[in-house]
Amino acid sequence: TYMYAVIANGGKQYRVREGQQLKLEKIAAEVGNHITLDKILMISDENKQYFGAPYVESAAVSVEILGHGRADKIRIVKH
């Protein structure tokens, strides 16, 4: 079955599925730790969709912290 969820993190929404790697906002956890995200906005299964108001009750996404990093530096040059 193809199942996915829409989660909220850092003021943004992400569509996630099992096994996916994703860059999120800063999370205070060590590399290798497993944490649970509970701000689930929607869950979609093959046959049904569950929508939260604002979050789906008793739903969570378990994630493993693979690493911490920063995005590339943006250089602005004014003439």
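The following exchange discusses a predicted model, beginning with its sheet.

Me: Which strands form the open sheet, and in what order?
Reply: Four strands build the open sheet, and their order is β2-β1-β4-β5. The pairing is antiparallel.

Me: And which strands are at the edges?
Reply: The edge strands are β2 and β5, the latter covering residues 49–51. Each of them pairs on one side only.

Me: By how many degrees are neighbouring strands turned against each other?
Reply: On average, neighbouring strands of this sheet are turned by 15 degrees against each other, with direction ignored.

Me: How many bridges join β1 to β2?
Reply: Six bridges join β1 to β2, and the two strands run antiparallel. Within this pair, A8 stands opposite Q13 of β2, and A5 stands opposite V16 of β2.

Me: What about the hairpin there: how many residues lie between the strands?
Reply: The hairpin of β1 and β2 has two residues between its strands. In this hairpin, G10 takes a positive phi near 65 degrees.

Me: How many bridges join β1 to β4?
Reply: β1 and β4 are joined by four bridges and run antiparallel. Y4 has S44 as its bridge partner in β4.

Me: Staying with S44, is it buried or exposed?
Reply: S44 counts as buried because its relative accessibility is 4%, under the 20% limit for that class. S44 belongs to strand β4, which spans residues 40–44.

Me: Which residues does S44 touch?
Reply: Not counting residues up to four places away in sequence, S44 touches Y2, M3, Y4 and Q49. Two of these contacts also appear in the strand pairing: Y4 has S44 as its bridge partner in β4, and Q49 is the bridge partner of S44 in β5. β4 and β5 run antiparallel and are joined by three bridges.

Me: Back to β1. Why is it described as largely enclosed?
Reply: Five of the six residues of β1 are buried, so the strand is largely enclosed by the rest of the structure.

Me: N9 is in β1 as well. Is N9 buried or exposed?
Reply: N9 counts as buried, because its relative accessibility is 12%, which is under 20%.

Me: What does the side chain of N9 reach?
Reply: The N9 side chain reaches the backbone nitrogen of E25 at 3.1 Å. With residues up to four places away in sequence not counted, N9 touches Y14, L24, E25 and I27.

Me: E25 comes up twice there. How many salt bridges does a search of the whole structure find?
Reply: The search finds one salt bridge. K12 forms a salt bridge with E25, and their closest N and O atoms are 2.6 Å apart. The pair links distant parts of the chain, as K12 is in strand β2 whereas E25 is in the loop between β2 and β3, 13 residues apart.

Me: How exposed are K12 and E25?
Reply: K12 is partly exposed, with a relative accessible area of 43%. E25 counts as partly exposed at 32% relative accessibility.

Me: New topic: how many residues are in the largest nonpolar core?
Reply: The largest nonpolar core has 15 residues. Those with the most contacts inside it are A5, I7, I35, I40, I43 and V61.

Me: Which elements give two or more residues to this core?
Reply: They are β1 (4–9), β2 (12–17), β3 (34–37), β4 and β6 (61–64). As a general matter, nonpolar side chains tend to be buried together in soluble globular proteins.

Me: Take V61. Which residues is V61 in contact with?
Reply: Leaving aside its neighbours within four places in sequence, V61 is in contact with A5, I7, I35, T36, L37 and I40.

Me: Last one: where does A53 lie?
Reply: A53 lies in the loop between β5 and β6. A53 is exposed, because its relative accessible area is 77%, over the 50% limit. From C-alpha to C-alpha, A53 and L41 are 7.8 Å apart in space, and they are 12 residues apart in sequence.

Methods. Residues are numbered from 1 along each chain as its sequence is written. This is a predicted model: local features need pLDDT of at least 70, side-chain atom pairs count only at pLDDT 80 or more; totals for chains, interfaces and linings use all residues. Side-chain values use heavy atoms; hydrogens and water are left out. Buried means under 20% relative accessible area, exposed over 50%, partly exposed in between (1.4 Å probe, protein chains only). Contact means heavy atoms within 4.5 Å. A nonpolar core is a set of buried Ala, Val, Leu, Ile, Met, Phe, Trp, Tyr and Cys residues joined through side-chain atoms within 4.5 Å. Two strands pair if DSSP finds at least two bridges between them. Axes are lines fitted to C-alpha atoms, for helices over the stretch in contact, and angles run from 0 to 180 degrees between N-to-C directions. A salt bridge is a side-chain nitrogen of Lys or Arg within 4 Å of a carboxyl oxygen of Asp or Glu. A polar contact is a pair of N or O atoms within 3.5 Å; within protein, one must be able to donate a hydrogen and the other to accept it, and residues adjacent in sequence count only if both atoms are side-chain atoms.
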